[in-house]
Amino acid sequence: MFDSVGLTADEMQRYSRHLVLPEVGPEGQLRLKRSSVLVVGLGGLGVPAAVYVASAGVGRVGVVDSDSVELSNLQRQFIFSNADLGRGKVDAAEEKLSLLNPEIRVVPHAVRLDSGNAMEVIREYDVVIDATDNLPSRYLINDACVLQSKPDVFASVLGFDGQASVFSTPHGPCYRCLYPEPPAPDSVKSCEEAGVLNVLPGIMGTLQANQALMILLGKGTPIMGRLLVFNGLDNSFNEIKFRKNSSCAVCGPNATITQLIDYEEFCGLKGTETLAEFDITARQLRANIDSGKRPVLLDVREPYEYSLCHLESSTLIPVEELDARLGELKRDGEIVVYCHVGIRSASAVKLLRQAGFANVRNLQGGIDEWARQVDNKMPRY
């Protein structure tokens, strides 16, 4: 009996709630068993997405991430625990997902997807879940999926808001149809900088898993040509409809992108990096201060961040206000600019140098690196 449908006795019991669904049944469950999903990014989105596609019985689940588990991950990445701190995320996820469902195969990819490996990794899977948190990766995954005709299940979160859509379907638009050009690098904050309520990625990651399962089963209506927008403060869902762009650079009839490109350069990130000569490490700054040098310490974070922790005697000017408040700074003095992890401060250094401040340096890794390397009693966030 079990051989006739291709499911074992244990699988029949494990997936019993699926088997009684007319839209799934034994045939649908067997279809999931013979399918594969790649989850790119094991953060707040990727963890719930991976848990649900694995527990649903997708036969092969690939997980991609080059990071290790950190304490700040545990607020939302519930598959990890204190015991996993310092472990590679894909190694910990392979262990946990295999315990959750030993009937499936979990394939770890301990790499960061880039133009050199994305096509090879993605090629082996039926559906790709983009659970990344940065623009270059989103364009990279989109383009690789379009070039290989793979569905790209997308989501993003920030603060109390989430977005989701399905790109790169045969007749639907892709990510570039919605966002042909990336925004200015300085205009986009990461979750690390802006924060995120822990349940938001859980909600959106679960939506991604649902979309992947419906695509594999051939059921339902994918979020294709629609951007689903969730507001976690008023618990509302809204949709923004968009169409396939006939002039799209990757999925249009006259596509100009026929192979993967340099996505860091495309998103303008290489141009925003401060040169090494303008950087200073946390330990170098500590040594300078200990030797009697007293540079102006310019904090370009938000006031609420400053209240969490700050360097002694530092001046707070949020980066959005800096251009209008340049008159508060002395042009002939040494200035060391810092933020949380060094991203906003890099932009501030660029602005100051363009305004004629010659002796300006960026604290590499921001105040977070100071807490790691210099003051382990300082709170980290």
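This is a short tour of a few helices, one sheet and some serine residues in the structure above. Keep in mind that the model is predicted.

Let's start with two helices that meet. Helix α4 covers residues 25-33. Helix α11 covers residues 199-217. How do two packed helices get described? By the angle between their axes and the distance between the axes. Here the axes of α4 and α11 come within 9 Å and cross at roughly 110 degrees. Angles of 65 to 115 degrees count as roughly perpendicular, so α4 is roughly perpendicular to α11. The crossing is right-handed. Which residues make the contact? From α4, they are Gly-28, Arg-31 and Leu-32. From α11, they are Leu-213, Leu-216 and Leu-217.

Stay on α11 for a moment. Ile-203 lies in this helix too. Is Ile-203 buried, partly exposed or exposed? Its relative accessible area is 30%, so it is partly exposed. Now look for Pro-48. Ile-203 and Pro-48 are 155 residues apart in sequence. In space, their C-alpha atoms are 8.4 Å apart.

Next, helix α8, residues 135-148. What span should its 14 residues have? At 1.5 Å a residue, the expected span is 20 Å. The C-alpha atoms at its ends are 20 Å apart, so the two values agree. This helix is mostly covered, with 13 of its 14 residues buried. Just after α8 comes Ser-149, with a positive phi of about 55 degrees.

That brings us to two further serines. Ser-168 has a positive phi of about 60 degrees, although it is not a glycine. Ser-313 is not a glycine either, and its phi is positive, about 65 degrees. Where do they sit? Ser-168 is in the loop between β6 and α9. Ser-313 is in the loop between α14 and β11. Buried or exposed? Ser-168 has a relative accessible area of 9%, so it is buried. Ser-313 has 68%, so it is exposed.

Last stop, the sheet. It is open, has 5 strands, and pairs them in parallel. The order is β9-β13-β12-β10-β11. Why does one side of β9 and of β11 lack a neighbour in the sheet? Both stand at the edges, each with a single partner strand, so one side of each is left free of a neighbour. Further in, look at β10, residues 296-299, and β12, residues 335-338. They run parallel, joined by 4 bridges. One residue to find there is Asp-299, whose bridge partner in β12 is Tyr-338.

Terms used: Residues numbered from 1 in each chain as written. Predicted model: local features only at pLDDT ≥ 70, side-chain atom pairs only at ≥ 80, totals over all residues. Heavy atoms only, no water. Helix = DSSP H or I, 4+ residues; strand = E, 2+ residues; numbered from the N terminus. Buried < 20%, exposed > 50% of the residue type's maximum accessible area, 1.4 Å probe, protein only. Expected span 1.5 Å × (residues − 1). Pairing = 2+ DSSP bridges. Axes fitted to C-alpha atoms, helices over the stretch in contact; angles between N-to-C directions. Parallel < 35°, antiparallel > 145°, perpendicular 65-115°, else oblique. Left-handed = near helix turned anticlockwise from the far one by under 90°. Contact = heavy atoms within 4.5 Å.
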